[in-house]
Amino acid sequence: MALAAKLQLRQSQSLVMTPQLMQSIRLLQLTHVELERFIDEEIERNPLLERAEPQDDAAGDQAQKSEAAPERVSEGDWFEGETEWSAEAISQKLDSSLENLFPDDPGTHERLGPDLTAQWKSAAGGAAGSASSEGFDVGDMAAAAVTLREHVGEQIALAFLSPGERLIAGELADGLDEAGYLRTDLGEIAARLGADEAAVARVLGVCQTFEPPGLFARDLAECLSLQLAGRDRLDPAMKALVANLELLARRDFQTLKRICGVDEEDLLDMLTEIRALDPRPGLAFSGGASDAIVADVEVRAANDGSWAVELNADTLPRVLVDNVYFARVSSHAKDQAEKDFLAECLQNANWLTRSLDQRAKTILKVASEIVRQQDAFLVHGVRHLKPLNLRTVADAIGMHESTVSRVTANKYMLTPRGVFELRYFFTASIASAEGGEAHSSEAVRDRIKQMIDEEKPADVLSDDAIVDMLKESGVDIARRTVAKYREGMNIPSSVQRRREKRALANVGR
């Protein structure tokens, strides 16, 4: 069989993922904070991009006043010919006194009273109209939050006189985690510093007396013991209770009463004291502030009884393409490389604006369909949340399922019932026991929680009993599913709940 070369013509279709297409897809799943960061980077790289910031009317009026001020000053001639000024002359010319002109003068404090905010702002802002005075707030003068390391360092400086002990205490402070626990072995510190381990333990004993009580503990039991010792409540019974925290976690009160040698009433008093302690005393100095959630979509009731779905303008970036600058610069381009660079910048800028517009339209389209599907939830609450998946929404709006998944990632919706992540509305389906409409897993989870909240001490519901009650109401659910939902809501088992309710009932007697 002879081998020969042949020429064949074949036509096929393939999807080519260009860098710009990949970037457009990635923009869909960015949060508004990540999107702002991405746009800042693009503006830094692309000279044809600029932000379209809304005009501030107050700032515009101030600018107009600043521009007109020289004209008003130049029109007057009251200052001409004067070289030296006295207090009386200034008062006559300005129809005011030095106290009104210079309120920072010490003699005016009694007249001004406690309202010194304006003085602080003028003192920190510098000359009127300077850039440093813009946006100044008296809150900026507040001291920064004290960190845990700084707080401990101040106490170390007062508690130890010897430089060697201060060095050891500093090493111990460096081993604290954010909760205030010591996570470094004493032997390692002693070996690293060339000190005796007994000396390190002695310094640790002093550090464990620092405020707030519980710092430098090596585990939860020691942390609680330090706080109880500071309150003079670390008696033998309390020591036994702290040493058996695992029994307390299991709510094994009968065993705890036997180990601690107390009756039920004393044990409940001890548990009340334990609950009043702080298991993580170092978190008071973390200084971390949680970021507030900003909704991407807002839903409100319309006048015609429907729902109005709008994008939050605060989360929409405003980007413009400076075509005037492009025309001016491109006309002075010296070579082809500069022209190609400007053409690429213009292409990328136009692509970015179109991608941002498409992103906004896609989010609005997906959110509108979610609102349409979950209308009963918005009207009646979580019990009427319908089971929903990505494919249902994708088919309804004519998009791919992966696109809907990207849009709903890390996006939030503000509704009359609160702020919810878009993924919250996509719940699993639980079949109906009577063959009717399926139930949402979130709605079933809310039913389980309500049943447990309403149970009585003499009639604690087991998982099997909850299953039977749900089936009577038309929900076909397995026992392991009920147990999974219960554990996901941090609700203890029926045995643990029964022990706790009996103990509380005995106290009431």
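Me: In this predicted model, how many residues does helix H16 have, and what distance does H16 reach from its first C-alpha to its last?
Reply: Helix H16 covers residues 264-275, which amounts to 12 residues. At 1.5 Å a residue a span of 16 Å is expected, and the helix comes close to that value, since its first and last C-alpha atoms lie 17 Å apart.

Me: Within what arc do the buried residues of H16 fall, seen down its axis?
Reply: The buried residues of H16 are Leu267, Leu268, Met270, Leu271 and Ile274. Seen down the helix axis, these buried residues line one face of H16, because they fall within an arc of 160 degrees.

Me: Which strands does the salt bridge between Glu310 and Arg300 link?
Reply: The structure holds 21 salt bridges, and one of them joins Glu310 to Arg300, with the closest N and O atoms 3.0 Å apart. The two residues are 10 residues apart in the chain, and the pair links strand E3 (residues 307-311), which holds Glu310, with the strand that holds Arg300, namely E2 (residues 297-301).

Me: Is Arg300 buried, partly exposed or exposed?
Reply: Its partner Glu310 has a relative accessibility of 34% and therefore counts as partly exposed. Buried means under 20% and exposed means over 50%, so the relative accessible area of Arg300, at 43%, places this residue in between, as partly exposed.

Me: Are Glu455 and Arg497 buried or exposed?
Reply: The side chains of Glu455 and Arg497 meet in a salt bridge with an N to O distance of 2.7 Å. This pair links parts of the chain 42 residues apart, with Glu455 in the loop between helix H22 (441-453) and helix H23 (463-472) and Arg497 in helix H25 (residues 494-508). As for accessibility, both Glu455 and Arg497 are buried.

Me: Which residues are joined into one network by salt bridges that share partners?
Reply: Arg479 and Asp463 meet through their side chains in a salt bridge of 4.0 Å, N to O, which connects helix H24 (residues 479-488) with helix H23 across 16 residues. Arg479 is partly exposed at 46% relative accessible area, whereas Asp463 is buried at 8%. Through shared partners, the salt bridges join into one network the residues Asp463, Asp464, Arg479 and Arg486.

Me: To which residue does the backbone oxygen belong that lies 3.2 Å from a polar atom of the side chain of Ser432?
Reply: Ser432 sits in the loop between strand E7 (429-430) and strand E8 (439-440), and its relative accessibility of 15% means that it counts as buried. Leaving aside residues up to four places away in sequence, Ser432 touches Glu437, Ala438, His439, Gly474 and Asp476. The backbone oxygen that lies 3.2 Å from a polar atom of the Ser432 side chain is that of Gly474.

Me: Which helix supplies the largest share of the largest nonpolar core?
Reply: This core has 24 residues, of which Val404 and Met413 touch the most other members. At least two residues come from each of E2, helix H18 (336-373), helix H19 (375-380), helix H20 (390-397) and helix H21 (401-407). The largest share, five residues, is supplied by H18.

Me: How many residues are in another core that lies apart from the largest one?
Reply: Within the largest core, Met413 is one of the two residues that touch the most other members, and its contacts beyond four places in sequence include Ala295, Val297, Ile370, Phe420 and Phe425. Apart from this core lies another, with Phe160, Ala190, Cys207 and Phe216 among its members, and its number of residues is 21.

Note on methods. Residues numbered from 1 in each chain as written. Predicted model: local features only at pLDDT ≥ 70, side-chain atom pairs only at ≥ 80, totals over all residues. Heavy atoms only, no water. Helix = DSSP H or I, 4+ residues; strand = E, 2+ residues; numbered from the N terminus. Expected span 1.5 Å × (residues − 1). Buried < 20%, exposed > 50% of the residue type's maximum accessible area, 1.4 Å probe, protein only. Arc of directions from axis to C-beta. Polar contact = N/O pair within 3.5 Å; in protein donor to acceptor, adjacent residues only side chain to side chain. Contact = heavy atoms within 4.5 Å. Core = buried A, V, L, I, M, F, W, Y, C linked by side-chain atoms within 4.5 Å.
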